[in-house]
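Let's take a friendly walk through one protein chain, from its overall build down to a few chosen residues. Have the model open in your viewer as you read.

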Amino acid sequence: MDDLLQVLQPLLQPAFTLLGSPITWTEVLAFVMAVWMVICNMRVHVLAWPLAIASSLLYFLLFWNGKLYGEASLQLMFVALAAWGWWQWLRGKGEDGQSLRVRRLSPRGLGAAVLLTLLAWPVLGLFLHHQTDSTVPYWDALPTVASVLGQWLLGRKYQENWSVWVLVNIVSVALFAYKGYWLTVLLYAFFIPMSVAGWRAWQRQLLRPQATAA
């Protein structure tokens, strides 16, 4: 990995300085693609997925270089989940055998999702604490496991993905501020109201069939 970081050093060079911290070209490119991705997600546009793959690869580079190994590993998982989500939006089927549409989780499904996340958080935190030199293993672990849940919900077009992203974004703002990734702090702070707007946009998608039926 160190050899790869050496090859990609030009992308890790500062583009400018923000609040006393250097902002690399990697962070700038990832920022632009991530904003574009969320806008596409709000509009339920399939272009969101290739943008997610590109931004995740850039953030992997940024976070690994900054020793945020949980967040870095999450980006590789995002690449795999984005490829899966891309296929789901193009070819996936719901329980009724029809093409996926925006929908809500059942109470049982919501409870299972929350329970699995709460169980996975300390397990990953312990792993990062004992197996890596992460300086914030448990705070690194929380948005990591919650993001996996959010990505799965997004891929299956469950509206609840947006509430998960609100939590992930709030925690990530604090985490990235601690590491001095100020452009990414601004990005995730911007993602909070965008996630609320995404919830509302998908709520309109849910209400549209009812209005048509009426």
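The report below goes from the whole chain to its helices, and then to single residues.

## The overall build

Please keep in mind that this is a predicted model. The protein chain holds 8 helices and 2 strands. Read from the N terminus, the order of elements is α-β-β-α-α-α-α-α-α-α. The radius of gyration is 18 Å, close to the 17 Å that the globule rule gives for 214 residues, so the protein chain is as compact as a globular protein of that length.

If you align the C-alpha trace of the protein chain to its principal axes, its extent is about 60 × 35 × 30 Å. Contacts that link distant parts of the sequence are well represented: among those between residues at least 6 apart, 66% join residues at least 24 apart.

## Burial, surface and charge

How much of the protein chain is buried? Of its 214 residues, 47% count as buried. The exposed area of the protein chain comes to about 11,100 Å², and 68% of this is supplied by carbon and sulfur atoms.

On the charge side, the protein chain carries 14 positive and 9 negative side chains. The centres of these two sets are 17 Å apart.

## Helix α2 and the loop after it

Helix α2 covers residues 25-42, which makes 18 residues. From its first C-alpha to its last it reaches 26 Å, close to the 26 Å expected at 1.5 Å a residue. Its buried residues are T26, E27, V28, A30, A34, V35, M37, V38, C40, N41 and M42.

T26, found in helix α2, makes a good close-up. Its relative accessible area is 0%, so T26 counts as buried. Leaving aside residues up to four places away in sequence, T26 touches L11, L12, L58, L61 and L62.

Just after α2 comes V44, with a positive phi of about 55°. V44 sits in the loop between α2 and α3, the latter being residues 48-65. Most residues other than glycine have a negative phi. V44 has a positive value in a residue other than glycine.

## A82 in helix α4

Next is A82, which belongs to helix α4, residues 69-91. Is A82 buried or exposed? With a relative accessibility of 0%, A82 counts as buried.

Which residues does A82 touch, if those up to four places away in sequence are not counted? They are W49, A52, I53 and Q151. A82 can also be paired with A54: the two are 28 residues apart in sequence, and their C-alpha atoms are 9.9 Å apart in space.

## Helix α6 and what follows

Helix α6 runs over residues 137-155. At 1.5 Å a residue, its 19 residues should span 27 Å, and this agrees with the 27 Å between its end C-alpha atoms. Helix α6 is mostly covered, with 15 of its 19 residues buried.

V148 lies in α6, and it is partly exposed, with a relative accessible area of 26%. The cut-off for burial is under 20%, so a residue with 26% falls outside the buried class. V148 touches L74, M77 and L81, again not counting residues up to four places away in sequence. One of these partners, L74, is 74 residues from V148 in sequence, while the C-alpha atoms of the two are 7.8 Å apart.

After α6 comes K157, whose phi is positive, near 60°. K157 is not a glycine, and its place is the loop between α6 and α7, where α7 is residues 161-179. K157 is buried, with a relative accessible area of 10%.

## L186 in helix α8

The last stop is L186, in helix α8, residues 182-213. What is the relative accessible area of L186? It is 47%, and L186 is partly exposed.

L186 and G198 are 12 residues apart in sequence. Measure from C-alpha to C-alpha in your viewer, and the separation of L186 and G198 in space is 18 Å.

Conventions:
Residues numbered from 1 in each chain as written. Predicted model: local features only at pLDDT ≥ 70, side-chain atom pairs only at ≥ 80, totals over all residues. Heavy atoms only, no water. Helix = DSSP H or I, 4+ residues; strand = E, 2+ residues; numbered from the N terminus. Rg over C-alpha atoms; globule rule 2.2 N^0.38 Å. Buried < 20%, exposed > 50% of the residue type's maximum accessible area, 1.4 Å probe, protein only. Contact = heavy atoms within 4.5 Å. Areas by Shrake-Rupley, 256 points an atom, 1.4 Å probe, with all protein chains shown as cover. Lys, Arg positive; Asp, Glu negative; His and termini not counted. Charge placed at Lys NZ, Arg CZ, Asp CG, Glu CD. Expected span 1.5 Å × (residues − 1).
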